[in-house]
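Let's walk through how some helices and charged side chains come together in this one. Have the sequence and the model open side by side as you read.

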Amino acid sequence: MADLPFTHAEYTTRLAKTRAAMATRGLDAVFITDPSNMGWLTGYDGWSFYVHQGVLLTHEGEPVWWGRDMDVNGAIRTTYLNSDNIVGYEDSYVQNPVKHPMEDLSALIRARGLERATIGLEMDNYYFTASAFVTLQRELPNVRFDDATGLVNWQRAVKSPTEIDYIRRAARIVERMHGIIRERVAPGICKHDLIADIYHASICGADGHWGDYPAMVPMAPSGVDATAPHLTWDDRPMRVDENTFFEIAGAYRRYHCPQSRTVYLGKPPQKFYDAEKAVVEAIEAGLEQARPGNHAEDIAIAFNTRLNQLGFVKDSRCGYAIGMSYPPDWGERTISFRRGDKTVLEPGMTFHFMPALWLDEGGLEITEPILITETGVECFCQTPRELFVKE
């Protein structure tokens, strides 16, 4: 019996929403390769996304999970699907230059009577390759393929009460992770040892709930390295008169709560205090716009207006949707806080309000995971919203 994280009724609702979106697009079926979308539709949860796999969904019956033979038992253990709808391909297809797994998928599509169907594919997706598309085109010449990138992602935008509860559990975990950083960071500690402490806290969990693996590794550059947003860690000791930002996330049952804070060892230059003041005030301005009926861009415009008034400029988006995710990204790849995103905010939407600044002397990250409520906004975490200074 699968240990499902949600009720069958919730999965049924998800299938209905997705099928309605398919009907609007004129799709007979979709083939889903994003593991977050696979999990959201079926419950499937396994580290098997390094090989070709997917979920085939039509307008009737259960979805079909399709993947490597050795992962069939994983699908049996983690999905609600009938065994007839869990299909494996044999291992000679794996990383074999003379045959491709999509040949087997094509046979499955024909067997399901879809050889002349209109099928949506997640074309702009980490897990769907050019060779996969070429093989499907060759094997299924009478199928019309359509780009359905993001079709399922957008159905995930408004979270259910259980999903929100999972993100709250992840929030307690990331709070604990930041607490460990504050407690243990000091001049001389090797950064990889500190990262090990962070990982330990993330997996141990909080408030009696275990920690899942986050979709991204900790970003923790120091000094000049922190002028870049996506560097990780090394074995160098932490130094006085140097800043380090920690971009990390708690995760529970694949649901993420990312949050970033910045540490300065020693006495920060005045520019860091000025940046801290600007970011904190701009966050407050953005949060005032985070309410139902407003647009995603309203948060970005309010944030950037106040930030500019205080002498700082951010030229990238300042937030994005979060929820269920797998590597390499904990975002949902839908809504962004930036000018031009007219998405209407609804209760149940969840975001990482991520107004990071990368200065000439280093980076400053003070971020907030948030929930749009019926009346406004809730910050998931209670981590102090400040530059952490340890002299």
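R14 counts as buried, because its relative accessibility is 3% and the cut-off for buried is under 20%. This is a predicted model, by the way, so read every value here as computed from predicted coordinates.

What does R14 meet in a salt bridge? Its partner is the side chain of E163, with N to O at 3.6 Å. E163 is buried as well, since its relative accessible area is 3%. Along the chain these two are 149 residues apart: R14 sits in helix α1, while E163 belongs to helix α7 (residues 161–184).

R14 has another job in the picture, as one of the α1 residues that meet α2. Helix α1 covers residues 8–25 and helix α2 covers residues 35–42. Their axes come within 8 Å and cross at roughly 120°, which makes α1 oblique to α2. On the α1 side of the contact you'll find Y11, R14, L15 and T18, and on the α2 side G39, W40, L41 and T42. Sort the residues of this contact by type and you get four nonpolar, three polar and one charged.

Now for the salt bridges in general. How many does the structure hold? The count is 28. Here are some of them, including the R14 pair:

| Salt bridge | N to O distance | Separation in sequence |
|---|---|---|
| E163 and R14 | 3.6 Å | 149 residues |
| E332 and R156 | 3.7 Å | 176 residues |
| R306 and E281 | 2.6 Å | 25 residues |

Take E332 and R156, whose side chains meet in a salt bridge. This pair links distant parts of the chain, with E332 in strand β10 (residues 331–336) and R156 in the loop between α6 (151–155) and α7. Both E332 and R156 are buried.

And R306 with E281: buried or partly exposed? R306 counts as partly exposed, because its relative accessibility is 26%. E281 is also partly exposed, with a relative accessible area of 26%. The closest N and O atoms of this bridge are 2.6 Å apart. R306 lies in helix α10 (residues 296–309) and E281 in helix α9 (residues 270–288), so the bridge ties together parts that are 25 residues apart in sequence.

Finally, there's a network to look up: R261, E284, E368 and R385 are joined into one by salt bridges that share partners.

Notes:
Residues numbered from 1 in each chain as written. Predicted model: local features only at pLDDT ≥ 70, side-chain atom pairs only at ≥ 80, totals over all residues. Heavy atoms only, no water. Axes fitted to C-alpha atoms, helices over the stretch in contact; angles between N-to-C directions. Helix = DSSP H or I, 4+ residues; strand = E, 2+ residues; numbered from the N terminus. Parallel < 35°, antiparallel > 145°, perpendicular 65-115°, else oblique. Contact = heavy atoms within 4.5 Å. Nonpolar A, V, L, I, M, F, W, Y, C, P; charged D, E, K, R; others polar. Salt bridge = Lys/Arg side-chain N within 4 Å of Asp/Glu carboxyl O. Buried < 20%, exposed > 50% of the residue type's maximum accessible area, 1.4 Å probe, protein only.
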